[in-house]
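I'm opening my notebook on a structure I haven't looked at before. I'll jot down what I look up as I go, starting with strands and ending with the overall numbers.

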Amino acid sequence: MPAESANKQSANKQSANRQSANKQEDDGRAPRRGGTWAVAAVVVVVVGALTAAVAAPFTPAMPVRSIEVEGARQLSEEEVAAATNIEEGTPMARVDAHQAASGVAGLPWVKSATVGRDWPSTITVAVDEYVAVAYTETAEGTQLIDTEGEAFTVGDPPPGAVRLADSALQDERVRRDAVSIVTSISEEMRGQVASIEARSPHTFVLTLGDERTVVWGASEDNENKARALEAVVHREGSEFNVSNPELVTVR
């Protein structure tokens, strides 16, 4: 009897140990299983959010609502915006900025153009226009000439543009010298100059709107000559000589 009792006690003890071990194993496994599913759910949510954020600019959820234009003076903002060929409602990320800039750069007055995105819904267009400081009459029409002495389009000359007489177009160098003289004159004073001619490659003469003339001389020391012109043009006389800006003569 004592041996049997001992065996039973031993068997009961072993059974209790197995049950305890099983319980511990179940208790230890259950939290890990639940934690895995929770982490997976968080990952799915994060991935979904990132996917939606990345895709949004390519969908109608983030469309172009406006086009802002900077730098246009001779051209209207409407003309520049139309030249981008960007339609309102186009998804922002689907806008081809390079193609849009090329379209704007194709306009006659545009020297260069840059197109960018101002998120979430605005396209920006920065325009650098040519400045027409002179013009010349040709068989094709009135050629407008920029500050570099290059003709860039045919059109009506803006206020302040000076006509280059035929003699000022003898060759590229003479034309560039004539334009250099014109650009040295202030915009206000330039409005009073009707034309410029070259009596020789080194002697230029301006004709004012009231037909008075100004002997400029060579295209050098132009800034001082331009200041001398503004100082003497209000004096009486029909011809001014500013070829030496420190010794101006009037006739």
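**Entry 1: a pair of strands**

I started with strand E4 (residues 134-138) and strand E5 (residues 141-145), which pair in the antiparallel sense over 5 bridges. This is a predicted model, so I'm reading predicted positions throughout. A hairpin of 2 residues takes the chain from E4 to E5. I looked up Thr-138 and found that its bridge partner in E5 is Gly-141.

Then I checked E4 against another strand. E4 also runs parallel to strand E7 (residues 162-164), and 2 bridges join them. What stands opposite Tyr-135 in E5? I found Leu-144 there. I looked towards E7 as well, where Tyr-135 stands opposite Arg-163. A reminder to myself: strands of a sheet pair through backbone hydrogen bonds, either parallel or antiparallel.

**Entry 2: the whole sheet**

Next I stepped back to see where these strands belong. They sit in an open sheet of 9 strands, with the order E6-E5-E4-E7-E8-E9-E10-E11-E12 and mixed pairing. Which strands stand at the edges? I noted strand E6 (151-154) and strand E12 (249-250); each has a single partner strand, so one side of each has no neighbour in the sheet.

**Entry 3: helix H6**

I moved on to helix H6 (residues 222-232) and listed its buried residues: Asn-222, Lys-225, Ala-226, Ala-228, Leu-229 and Val-232. Looking down the axis of H6, I see these buried residues fall within an arc of 160°, so they line one face of the helix. The face turned away from that buried side carries the exposed residues Glu-223, Arg-227 and Ala-231.

What covers the buried residues of H6? The cover includes helix H4 (172-184), helix H5 (187-190), strand E9 (203-208), strand E10 (213-217) and strand E11 (239-241).

I picked out Leu-229 for a closer look. Leaving aside neighbours within four places in sequence, Leu-229 is in contact with Ile-185, Met-189, Leu-206, Val-214, Trp-216 and Val-242.

**Entry 4: Leu-206**

Leu-206 came up in that list, so I followed it. Leu-206 lies in strand E9. Is Leu-206 buried or exposed? Its relative accessibility is 1%, so I count Leu-206 as buried.

Once neighbours within four places in sequence are set aside, the contacts of Leu-206 are Ile-181, Ile-185, Val-193, Ser-195, Ile-196, Arg-212, Thr-213, Val-214, Trp-216 and Leu-229. I also took one distance: the C-alpha atoms of Leu-206 and Val-182 are separated by 9.4 Å, and the two residues are 24 apart along the chain.

**Entry 5: two cores**

I then looked for nonpolar cores. The largest has 28 residues, and those with the most contacts inside it are Leu-164, Ile-196, Phe-204, Leu-206, Trp-216 and Leu-229. The elements giving two or more residues to this core are E7, H4, strand E8 (193-200), E9, E10 and H6. H4 gives the most, with 5 residues.

There's also a second, separate core of 25 residues, which includes Ile-86, Ala-101, Trp-109 and Val-125. A background note: in soluble globular proteins, nonpolar side chains tend to be buried together.

**Entry 6: helix H3**

Ala-101 sent me to helix H3 (residues 97-105), where Ala-97, Ala-100, Ala-101 and Val-104 are buried. They cover an arc of only 100° around the axis, which puts them on the same side of H3. On the other side of H3, I found His-98 and Gln-99 exposed. The buried residues of H3 pack against helix H2 (77-83), strand E2 (110-118) and strand E3 (122-129).

**Entry 7: overall numbers**

To finish, I looked up totals. The protein has 6 helices and 12 strands. Of its 251 residues, 34% are buried. I get an exposed area of about 15300 Å², with carbon and sulfur atoms supplying 50% of it. Of the contacts between residues at least 6 apart in sequence, 47% join residues at least 24 apart.

How confident is the predictor? The mean pLDDT is 84, and 76% of the residues reach 70 or more. Over residues 1-17 the pLDDT is below 50, and this stretch has 0 contacts in the model beyond near neighbours in sequence. Residues 41-53 also have pLDDT below 50, with 0 contacts beyond near neighbours in sequence. Where pLDDT is low, the predicted coordinates should not be read in detail.

Notes. Residues numbered from 1 in each chain as written. Predicted model: local features only at pLDDT ≥ 70, side-chain atom pairs only at ≥ 80, totals over all residues. Heavy atoms only, no water. Buried < 20%, exposed > 50% of the residue type's maximum accessible area, 1.4 Å probe, protein only. Helix = DSSP H or I, 4+ residues; strand = E, 2+ residues; numbered from the N terminus. Arc of directions from axis to C-beta. Contact = heavy atoms within 4.5 Å. Pairing = 2+ DSSP bridges. pLDDT = per-residue confidence, 0-100. Core = buried A, V, L, I, M, F, W, Y, C linked by side-chain atoms within 4.5 Å. Areas by Shrake-Rupley, 256 points an atom, 1.4 Å probe, with all protein chains shown as cover.
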